[in-house]
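Trainee: Could you take me through one part of this model slowly, and show me how a single residue in it fits with its surroundings? I would like one connected account that I can follow with the structure open beside me.

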Amino acid sequence: MFPKTIAGLILLFALTSFSGGSNKSMMQHVFINLNQQPVQLKYYTGKQATVFIFISPECPLCQNYALTINQLTKKFSSDSIRFIGVVSGGDFSIADIKQYQRAYQLKLLLFVDAQYSSASIVTGK
């Protein structure tokens with residue numbers, strides 16, 4: 001199953017990994033961490049590439065891909081790639097997100113973007 005999902009995650013990587021101006025905007029954007037503190041992602045990087053994965057705790061696809069995301073995070077974390085999960089919108093509490101992270105044993109950093117502004121950076125709208 002792992003090789004089958006690689007193609008989909010490569011597309012995800014292509015859509016969510018940025019270079020140039022967009023990446024700078026994402027790195028300077030202020031997110032909320034799971035301790036409810038505002039943070040800029042530039043303090044969490046130091047890697048050459050960053051993959052942003054937009055997830056929703058109640059999304060069946062996000063739940064199904066949790067194992068694959070963990071495998072990719074483990075496999076590539078030493079290869080200068082950082083995986084960051086973004087939960088957009090205000091539909092989920094920090095407790096909901098932590099529960100999702102525990103239930104699916106997600107190993108990537110998770111941040112909240114309640115105003116959907118990171119999605120605007122990605123889409124340019």
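Mentor: Let us begin with Leu 108 and its contacts in this predicted model: leaving out residues up to four places away in sequence, Leu 108 touches Ile 53, Ile 69, Thr 73, Phe 83, Ile 84, Gly 85 and Gln 101. Leu 108 itself sits in the loop between helix H5, which covers residues 94–103, and strand E5, which covers residues 109–113. Is this loop residue buried or exposed? Leu 108 has a relative accessible area of 4%, and because the cut-off for buried is under 20%, Leu 108 counts as buried. The folding of the chain also shows in a pair of positions, for Leu 108 and Arg 82 are 26 residues apart in sequence, while their C-alpha atoms are 8.3 Å apart in space.

Several of these partners lead us to the strands. Ile 53, which Leu 108 touches, stands opposite Gly 85 in E4, and Gly 85 is also among the residues that Leu 108 touches. Strand E3, residues 49–55, and strand E4, residues 81–88, run parallel and are joined by seven bridges; another of the paired positions is Ala 49, whose bridge partner in E4 is Ile 81. Both strands are mostly covered, since six of the seven residues of E3 are buried and seven of the eight residues of E4 are buried.

On we go to E5, the strand that follows the loop of Leu 108. E4 and E5 pair in the parallel sense over five bridges, and Val 86 has Phe 111 as its bridge partner in E5. To get from E4 to E5 the chain passes through H5, and this β-α-β crossover is right-handed.

Now look at the side chains that gather here. The largest nonpolar core has 20 residues, and those with the most contacts inside it are Ile 53, Ile 55, Phe 83, Ile 97, Leu 106, Leu 108 and Leu 110. The elements that give two or more residues to this core are E3, helix H4 (66–76), E4, H5 and E5, and the largest share, four residues, comes from E3. Leu 110, also named in that core, is in contact with Asn 33, Leu 34, Ile 55, Gly 85, Ile 97 and Gln 101, once its neighbours within four places in sequence are left aside. Gly 85 and Gln 101 therefore appear in the contact lists of both Leu 108 and Leu 110. There is also a second, separate core of nine residues, which includes Met 27, Phe 31, Val 39 and Val 86.

Phe 31 brings us to the aromatic rings, where the count comes to two aromatic pairs. In one of them, Phe 31 and Phe 111 form a tilted pair, with 6.1 Å from centre to centre and 50 degrees between the planes. This pair links distant parts of the chain, since Phe 31 lies in strand E1 (residues 30–32) and Phe 111 in strand E5, 80 residues apart, and both Phe 31 and Phe 111 are buried. The rings of Tyr 100 and Tyr 104 have their centres 5.4 Å apart and their planes at 50 degrees, so this pair is tilted as well. Tyr 100 counts as buried because its relative accessibility is 4%, whereas Tyr 104, at 31%, counts as partly exposed.

One more residue of E5 deserves a look, namely Asp 113. Its relative accessibility is 3%, so Asp 113 counts as buried, and beyond four places in sequence Asp 113 touches His 29, Phe 31, Val 86, Val 87, Ser 88, Gly 89, Ser 118 and Ala 119.

Finally, set this part within the whole chain, which has six helices and five strands. Of its 125 residues, 38% count as buried, and among contacts with a separation of 6 or more, 76% are between residues 24 or more positions apart. As for confidence, the chain averages a pLDDT of 77, with 74% of the residues scoring at least 70. Among the elements, H5 has the highest mean pLDDT, at 94, and helix H1 (residues 2–16) the lowest, at 44. Over residues 1–24 the pLDDT is below 50, although this stretch has 22 contacts in the model beyond near neighbours in sequence.

Technical notes
Residues numbered from 1 in each chain as written. Heavy atoms only, no water. Buried < 20%, exposed > 50% of the residue type's maximum accessible area, 1.4 Å probe, protein only. Contact = heavy atoms within 4.5 Å. Pairing = 2+ DSSP bridges. Right-handed = clockwise from strand over helix to strand, strands pointing away. Phe/Tyr/Trp six-rings, centres within 6.5 Å; stacked < 30°, edge-to-face > 60°. Core = buried A, V, L, I, M, F, W, Y, C linked by side-chain atoms within 4.5 Å. pLDDT = per-residue confidence, 0-100.
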